[in-house]
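Here are some notes from going through the model with you in mind. Please read them beside the structure and see where you would like to look further.

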Amino acid sequence: MDKIKEKFASKALPLTDEIKKFVKSHGDHVLGTYTIEQVYQGMKGMIGMVTETSKLDPEEGIRFRGYSIPELREKLPRGKGGENLPEGIFYLLLIGELPTEEDASEISNQWARRSHVHKHVFDMLDMLPRHTHPMTQFSMAIMAMQTESNFAAEYRKGINKKNYWDPMYEDVMNLIARLPRVAAYIYRKTYKNSEHIEPNPKLDWGANFSHMLGYDDENMQALMRLYLFIHVDHEGGNVSAHATHLVGSALSDAYLSLSAGMNGLAGPLHGLAAQEVARWILELRKKYNGVPTRDQLAEYIQKTLAEGKVVPGYGHAVLRKTDPRYLVQQEFAKRNLADDELFKIVQLIYEVTPEILKATGKIKNPWPNVDAHSGILLMHYGLVEYDFFTVLFGVSRAIGVLTSLLWDRALGVSIERPSSVTSDWMKAQVVKNTTTA
Ligand code: HAX
């Protein structure tokens, strides 16, 4: 058994027994109540699942295993160029402890060893029309790799449910190892005349990804590590995490579950917002021939709202402050591309937008989220094909949702099956409550 797998087993298996006992003793403890508004409006604020890897605070932002992003920037192993290695955050999410440099490089090695992608996946991608959206290609490629699922094979052989975590571990490690290769293949096929670049097994996971995409600049490799680190996880209720968890609760393997999560990430209110931000900003720059004035920008935002569209990159279902993932990207930009015209526009948008959104009186969070910033950093280093941005997000998000999926299998989480009701049933409850009051 590899060292990481052994460590995971030593953490997860005792917790499985502990949680079973906890639920047996305290299962009837009441956590709270919820309202009709919450049921109609996306169950926001309702506690509906347990996610061990991270917790989102509306005011402070994300904490991964209890650590904030600024804390982790100090504590996690770094690669060349000073940015943290995604391998380190994976270890933290999986094991619940800070990794040593050696743990991070063990994961780099494991992922390099497991990164072979079977030819039929590339053949399938080659058959798709060139205009197939990169996220559609990505989800299809994940599905095509399902032929290799250890979990599906072991289930067929009749594996004991106590051991589900074992083949799931193999699937999770293999899948994360292979995603950069597949994503880079999609990028080079779609935008670079199918001139593919072989992996460099000497590089860490993030740098190798950047290399296979065609970007060997050290600053871009550093940005890629930062990008892959900050997009990794956002507790369990966001669409990509929840979809992966939900589909996995039917014992669908990691490939089927992740593909479902990626289909959710491909929605414009979720991960596709990064692409929408880029489109919106480029249109803005074109309309005003460069950096707009504050009045021109305000006019552009008002027009977006008047047309019944959202201002992409602003707002959040949980957060009520500027996303710390936005701020960390802003710091990177100030350090590395302070004079970039698109960065100047992003800064201006940050100054002007919140007041306009607040004035609508209905938008609960007028502040920027992670997607408001990411695209212009990538474009600065030459990755300008914005339809691809969500695939980068997906490669990172896979780390969070797949570690959670592995924990689900280790903890014996049961099939998810909340109840639904009709609007007539809802109305009847209100009538019942009013007449008994
Ligand atoms: N621009 C215009 N209107 C907005 C808005 C924005 N940025 N954010 C919210 N609203 C509107 C909502 O559409 C809603 O309008 P209606 O009452 O007419 O339906 C109203 O304000 C109240 O919404 P809310 O409660 O503040 O926000 P929700 O929890 O419903 O939605 C969203 C959260 C992130 C989906 C929303 O803020 C939004 O659409 N933002 C723009 C798209 C975006 O940036 N998405 C990425 C979010 C982060 C993420 O998941 N990244 O992957």
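The points below take the model region by region.

1. A word on the source: this is a predicted model. Please keep that in mind for each of the values that follow.

2. Let me begin with the small strand pair. Strand E1 covers residues 54-57, and strand E2 covers residues 61-64. The two run antiparallel and are paired over four bridges, with a hairpin of three residues joining E1 to E2. Across the pairing, Ser54 stands opposite Phe64 in E2. The two faces of E1 are unlike in cover: Ser54 and Leu56 are on the covered face, whereas Lys55 and Asp57 are on the uncovered one.

3. Next, a surface feature. Which residues form a nonpolar patch with about 270 Å² of accessible area together? They are Ile36, Tyr40 and Val430. Val430 belongs to helix H20, which spans residues 423-436. With a relative accessible area of 40%, Val430 is partly exposed, because that value falls between the 20% and 50% limits.

4. Helix H9 (residues 165-191) is home to Glu170. Is Glu170 buried or exposed? Its relative accessible area is 17%, so Glu170 counts as buried, the limit being under 20%. Leaving out residues up to four places away in sequence, Glu170 touches Lys5, Arg114 and Asn150.

5. Asp126 sits in helix H6, residues 119-127. This residue is partly exposed at 41% relative accessible area. Apart from neighbours within four places in sequence, Asp126 is in contact with Tyr185 and Lys189. If you want a long distance to check, the C-alpha atoms of Asp126 and Thr293 are separated by 45 Å, and their positions lie 167 residues apart along the chain.

6. Two backbone angles may catch your eye. Ser194 is not a glycine, yet its phi is positive, at about 55°. Ser194 is found in the loop between H9 and helix H10 (205-213), and its relative accessibility of 36% makes it partly exposed. Asn289 also has a positive phi, near 55°, and is a residue other than glycine. Its loop runs between helix H14 (273-287) and helix H15 (294-306). Asn289 is exposed, with a relative accessible area of 75%.

7. Now for the rings. How many aromatic pairs are there? The count comes to 14. One of them joins Tyr155 and Tyr164, whose ring centres are 6.1 Å apart. Their planes meet at 45°, so this pair is tilted, being neither under 30 degrees nor over 60. Tyr155 is partly exposed at 44% relative accessible area, while Tyr164 is buried at 11%.

8. Another tilted pair is formed by Tyr187 and Tyr191, with 5.5 Å from centre to centre and 55° between the planes. Both residues lie in helix H9, four residues apart, or about one turn of the helix. Tyr187 is buried, at 0% relative accessibility, whereas Tyr191 is partly exposed, at 24%. Ring pairs also bring in Tyr215 and Phe388, so that these two form a cluster with Tyr187 and Tyr191.

9. One last pointer, back to H9. This helix holds Glu170 as well as the Tyr187 and Tyr191 pair, and the loop with Ser194 lies between H9 and H10. It could be a handy place to begin your own look.

Definitions and conventions: Residues are numbered from 1 along each chain as its sequence is written. This is a predicted model: local features need pLDDT of at least 70, side-chain atom pairs count only at pLDDT 80 or more; totals for chains, interfaces and linings use all residues. Side-chain values use heavy atoms; hydrogens and water are left out. Patches are made of residues with over 30% relative accessible area and no salt bridge: like charges are joined within 9 Å, nonpolar side chains (Val, Leu, Ile, Met, Phe, Trp, Tyr) within 5 Å. Accessible areas come from the Shrake-Rupley method with a 1.4 Å probe; for residues, only the protein chains shown count as cover. A salt bridge is a side-chain nitrogen of Lys or Arg within 4 Å of a carboxyl oxygen of Asp or Glu. Buried means under 20% relative accessible area, exposed over 50%, partly exposed in between (1.4 Å probe, protein chains only). Two strands pair if DSSP finds at least two bridges between them. Contact means heavy atoms within 4.5 Å. Rings of Phe, Tyr and Trp (its six-membered ring) pair if their centres lie within 6.5 Å; planes under 30 degrees apart count as stacked, over 60 as edge-to-face and the rest as tilted.
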